[in-house]
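Welcome! Here is a short tour for anyone meeting this protein for the first time. Take a look at the model, then read on.

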Amino acid sequence: MSALAFDIHGRDGEARTGALTTPRGTIRTPAFMPVGTAASVKAMFPDTVRETGADIILGNTYHLMLRPGAERIARLGGLHDFMNWPGPILTDSGGFQVMSLSKLRKLSEDGVTFQSHIDGSTHLLTPERAVEIQCLLGSDIQMQLDECPPYPCTREEAASAVELSLRWAERSQDAFAKRAAAGHALFGIVQGSIHPDLRERSARALMEMDFPGYAIGGLAVGEGPDLMLETLAQTTPHLPADKPRYLMGVGTPLDIVEAVARGVDMFDCVMPTRSGRHGQAFTWAGKVNLRNAAHADDPGPLDPESPCPAARDYSRAYLHHLVKAGEYLAPMLLTWANVAFYQDLMRAVRAAIQEGRLDELRTRIRVAYG
Ligand SMILES: Nc1nc2c(CCNCC3CCCC3)c3[nH]c(NCCc4ccccc4)nc3cc2c(=O)[nH]1
């Protein structure tokens, strides 16, 4: 019951551009998904997120199961109504956040036991519970519970995480088949650290399970861009060409265009939102640190050509002032400008693939962000 229809409209080398259709709307690919961890894209109104061109946002099992609780969100009508975002929502399964945020966690065959970073309460997250939580949230695209090993890790640890994640992929599919509403989808997640043979083993085994889409996990964990892109190039060829590929946690503008060139269709990263809160802006000329006093007298905006009011209608001097003064408007304007830039970037990527000139765009981004 493949809920997702993925249509590829154009190619340029390994890169694809197309559309992923869900019951709640169509996602233009390659797509960047703004992160809305705790039922909010931090410092932005949902309508403003939509106006930047974002077709889909991200939510997270780990955060929402701890607060306000998945059952409470379900009682209130689900995550879309709760946060007033009517479009598609993709949720991560929480495994990655447990390992990076919680205290005293224990990994076992059954799942992961951990203490909440909020109130210290103890929780058990199993593949079945992760599916149940994502169903309660009403997620349109769910992720399996997986084990993302730290980097570096031994080859044995990488191999063990591949096999555990594959067993959890089976259990997630069984739970999903029993529980999920029509129109929802579950993605498998490829692991294997930086080992090509483990990546092939993971990808092929997941392909046997026939998922409607495949996430590539275990990357952007400190291996660096070269190893990430090399591993990516050794992973996508083993995934079905007619299904979407989602590279988790990536990334900078350069990482994104380079990953698109290696066959990736979907991305998520806290970079545009988190950087915006720290006074950093993304522009076509590169990154701008608005904390820097060099901007104190600059009457020009971030980008006079930008369709985004935050990047077009406010001087850098004013943004610098807001950042230094700790004004609430600073994270609001800079998050807006950054999320809008990432959507502008994806629009340019889609057009470049359609017109066979992705390499030009790669060069342009490498000059600004390399
Ligand atoms: N299930 C799962 N999730 C992963 C994630 C989380 C993706 N965003 C989730 C959202 C849901 C809520 C929050 C995020 C990853 N994020 C990264 N790198 C982020 C690197 C980064 C860190 C900080 C700033 C910028 C980049 N690698 C990831 C690997 C995996 C993985 O194997 N399995």
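Helices here are DSSP runs of H or I with at least four residues, and they are numbered from the N terminus. With that in hand, we can turn to an enclosed space in this predicted model: α14 gives the most to the lining of the largest cavity, with four residues.

**The cavities**

Let us stay with the enclosed spaces for a moment. Searching the whole structure turns up three cavities of 30 Å³ or more. In the largest cavity there is about 70 Å³ of space. Its lining is made of F282, T283, W284, L302, D303, S306, C308, A311, A337, A340, F341 and D344. Two elements, β15 (280–283) and α14 (329–354), each supply at least two residues of this lining. Sorted by class, the residues around the largest cavity are eight nonpolar, two polar and two charged.

The second largest cavity has a volume of about 50 Å³. Around the second largest cavity you will find G95, M99, L107, V112, L145, D146, E147, C148 and W168. That lining divides into six nonpolar residues, one polar residue and two charged residues.

The table below sets these two cavities beside the largest pocket.

| Space | Volume | Nonpolar lining residues | Polar lining residues | Charged lining residues |
|---|---|---|---|---|
| Largest pocket | about 660 Å³ | eleven | eleven | six |
| Largest cavity | about 70 Å³ | eight | two | two |
| Second largest cavity | about 50 Å³ | six | one | two |

**Two domains and the pocket between them**

How is the protein divided into domains? The domain assignment gives domain 1 (5–269) and domain 2 (270–370). The contact involves 34 residues of domain 1 and 31 residues of domain 2. Measuring from C-alpha centre to C-alpha centre, the two domains lie 26 Å apart. Together, domain 1 and domain 2 bury about 2700 Å² between them, and 71% of that area is on carbon and sulfur atoms. The count of salt bridges between domain 1 and domain 2 is two.

Where does the largest pocket lie with respect to these domains? Both domain 1 and domain 2 give residues to its lining, so the largest pocket lies between them. This pocket has a volume of about 660 Å³. Its lining counts 28 residues, of which F96, Q97, D268, V270 and R274 lie nearest the centre of the pocket. If you would like to trace the lining along the chain, look for β5 (57–60), α5 (95–101), β14 (266–269) and α11 (271–277), each of which supplies at least two residues. The largest share, four residues, comes from α5. The lining of the largest pocket is made up of eleven nonpolar, eleven polar and six charged residues.

**Salt bridges**

How many salt bridges does the structure hold? The total is 21. One salt bridge pairs R167 with E109, whose closest N and O atoms are 2.8 Å apart. R167 sits in helix α7 (residues 155–179) while E109 sits in the loop between β7 (103–107) and β8 (112–115), so this pair ties together parts that are 58 residues apart in sequence. Another salt bridge joins E258 and R362, and there the closest N and O atoms are 2.8 Å apart.

**Backbone details to look for**

Finally, a few places along the backbone deserve a visit. Most residues other than glycine have a negative phi, and most peptide bonds are trans. Against that background, the peptide bond from R67 to P68 is cis, with omega near 10°. You can find P68 in the loop between α2 (61–66) and α3 (70–75). A cis peptide bond also joins Y151 and P152, where omega is about 0°. P152 is in the loop between β10 (141–143) and α7.

Which sign does phi take at A39? The value is positive, near 65°, and A39 is a residue other than glycine. To find A39, go to the loop between β4 (31–34) and α1 (46–51).

Conventions
Residues are numbered from 1 along each chain as its sequence is written. This is a predicted model: local features need pLDDT of at least 70, side-chain atom pairs count only at pLDDT 80 or more; totals for chains, interfaces and linings use all residues. Side-chain values use heavy atoms; hydrogens and water are left out. On a 1 Å grid over the protein atoms alone, a cavity is a set of points where a 1.4 Å probe fits but cannot get out, and a pocket is an open set with protein on both sides within 12 Å along at least five of seven lines; lining residues have an atom within 4 Å of a point. Grid points are joined across faces, edges and corners, and a volume is the space filled by probe spheres set on the points. Ala, Val, Leu, Ile, Met, Phe, Trp, Tyr, Cys and Pro count as nonpolar, Asp, Glu, Lys and Arg as charged, and the others, Gly among them, as polar. Domain bounds come from an automatic or database domain assignment. Contact means heavy atoms within 4.5 Å. Buried area is the accessible area (1.4 Å probe) that two parts lose on being put together, summed over both. A salt bridge is a side-chain nitrogen of Lys or Arg within 4 Å of a carboxyl oxygen of Asp or Glu.
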